[in-house]
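Here are my notes for when you have the model open. Please read them with the structure beside you.

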Amino acid sequence: MMVVIAASLIYATAAYAAKDARPARKTAIIAAIVVSVQIVLGMLVVNTKLDPLLVATHLSTGILLFAMTLMTFLASYRLASKH
């Protein structure tokens, strides 16, 4: 359930940023791509019964996703403070 909520919010943010928020556009779109990869990796981790290489890849992709969402927030925060 958490995956659906988080992915939906990230996709909605990317859709909005692609249309209106120029400074946050790149990081939001990268976050949307990374969350898609993260979902597939999570499925593979569960199906392979915690294969160590897939678990490590899944966790490192999660860190990348966190970084992209943080950078999106910071870019949008700078955008809001300019107005």
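Leaving aside its neighbours within four places in sequence, which residues is Gln-38 in contact with? Point 2 has the reply, after a short word on the model itself.

1. **Ground rules.** This is a predicted model, in which local features need pLDDT of at least 70 and side-chain atom pairs count only at pLDDT 80 or more, while totals for chains, interfaces and linings use all residues. Residues are numbered from 1 along each chain as its sequence is written, and side-chain values use heavy atoms, with hydrogens and water left out.

2. **Gln-38.** With neighbours within four places in sequence set aside, Gln-38 is in contact with His-58, Thr-61 and Gly-62; contact here means heavy atoms within 4.5 Å. Gln-38 sits in helix H2. Its relative accessibility is 14%, so Gln-38 counts as buried (buried is under 20% relative accessible area, exposed over 50%, partly exposed in between, with a 1.4 Å probe and protein chains only).

3. **Val-34.** Helix H2 also holds Val-34, which is buried at a relative accessible area of 9%. Outside the four places in sequence on either side, Val-34 is in contact with Thr-61, Leu-64 and Leu-65. Thr-61 thus turns up in the contacts of Val-34 and in those of Gln-38. In case you want a distance to check, the C-alpha atoms of Val-34 and Tyr-77 are separated by 22 Å, with the two positions 43 residues apart along the chain.

4. **Overall layout.** The protein has 3 helices and 0 strands, and its pattern along the sequence reads α-α-α. Helices (H or I, at least four residues) and strands (E, at least two) are DSSP runs, numbered from the N terminus. The C-alpha trace spans about 50 × 20 × 15 Å along its principal axes. Of the 83 residues, 27% count as buried. Among contacts between residues at least 6 apart in sequence, 55% join residues at least 24 apart.

5. **Helix H3.** Does the length add up, and what span should we expect of H3? Its 31 residues (52-82), at 1.5 Å a residue, should span 45 Å, and the end C-alpha atoms are 45 Å apart, which agrees; the expected span is 1.5 Å times one less than the number of residues. The buried residues of H3 are Leu-54, Thr-61, Leu-65, Met-68, Thr-72 and Ala-75. Their cover includes helix H1 (2-19) and helix H2 (25-47). As background, an α-helix has 3.6 residues a turn, so residues three or four places apart point the same way.

6. **H1 against H2.** These two helices pack at an angle of about 150°, with axes 8 Å apart (axes are lines fitted to C-alpha atoms, for helices over the stretch in contact, and angles run from 0 to 180 degrees between N-to-C directions). H1 and H2 are therefore roughly antiparallel (angles over 145 degrees count as such, under 35 as roughly parallel, 65 to 115 as roughly perpendicular and the rest as oblique). Residues making the contact include Val-3, Ala-7 and Ile-10 of H1 and Ala-28, Ile-29 and Val-35 of H2.

7. **The loop between H2 and H3.** Please look at Lys-49, which lies in this loop and has a positive phi of about 55° although it is not a glycine. Lys-49 counts as exposed, at 71% relative accessibility. Leu-50 is in the loop too, with a positive phi near 65° in a residue other than glycine. Leu-50 is exposed, with a relative accessible area of 60%.
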